[in-house]
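Biologist: Here is a chain I would like to go through with you. Please take the questions one at a time.

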Amino acid sequence: MFGSAALDLAWTAEGRIDGCIIMSNKPWDTAAGVLVAREGGAVVTDSDGSTHNARSRHTVAANPIISRKLLQLISASQQ
């Protein structure tokens, strides 16, 4: 993390970083950043690949090119 969940998600939207993984997820920490990231073209999901929502356990945001691979790496690390 570079400071806050919102900052990481905004930097993902901007393309400053390729993606971010937020494992301690609270909706009040991520809601605005998720919106910014999606509007910026990032794919935002839960760590299981499902669409991110207020009940998601984790937040995974990445550019569309690496999103699937990042989710595969997370899945492999949890086994």
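Biologist: Which residue stands opposite C20?
Modeller: Keep in mind that this is a predicted model. β1 is joined to β3 (residues 59–62) by 4 bridges, and the two run antiparallel. Across from C20, in β3, stands A61.

Biologist: What is the order of the strands in the sheet, and which stand at the edges?
Modeller: The sheet is open, has 3 strands and pairs them antiparallel, in the order β1-β3-β2. β1 (19–22) and β2 (43–45) each have a single partner strand, so one side of each lacks a neighbour in the sheet. From one strand to the next the twist averages 5°. The order is thus β1-β3-β2, and the edge strands are β1 and β2.

Biologist: Which helix packs on the sheet touching β1, β2 and β3?
Modeller: Helix α1 (residues 5–14) packs on the sheet and touches β1 and β3, with its direction at about 155° to that of β1. Another helix, residues 27–39, touches β1, β2 and β3, and its direction makes about 145° with that of β2. That helix is α2.

Biologist: Which element gives the most residues to the largest nonpolar core?
Modeller: This core has 12 residues, including L9, W11, C20, V34 and A61. At least two residues each come from α1, β1 and α2. With 4 residues, the main contributor is α1.

Biologist: Which residues does V34 touch, leaving out those up to four places away in sequence?
Modeller: V34 is one of the residues of the largest nonpolar core. Its contacts, with that exclusion, are L9, V44, H52 and T59.

Methods: Residues numbered from 1 in each chain as written. Predicted model: local features only at pLDDT ≥ 70, side-chain atom pairs only at ≥ 80, totals over all residues. Heavy atoms only, no water. Pairing = 2+ DSSP bridges. Axes fitted to C-alpha atoms, helices over the stretch in contact; angles between N-to-C directions. Contact = heavy atoms within 4.5 Å. Core = buried A, V, L, I, M, F, W, Y, C linked by side-chain atoms within 4.5 Å. Buried < 20%, exposed > 50% of the residue type's maximum accessible area, 1.4 Å probe, protein only.
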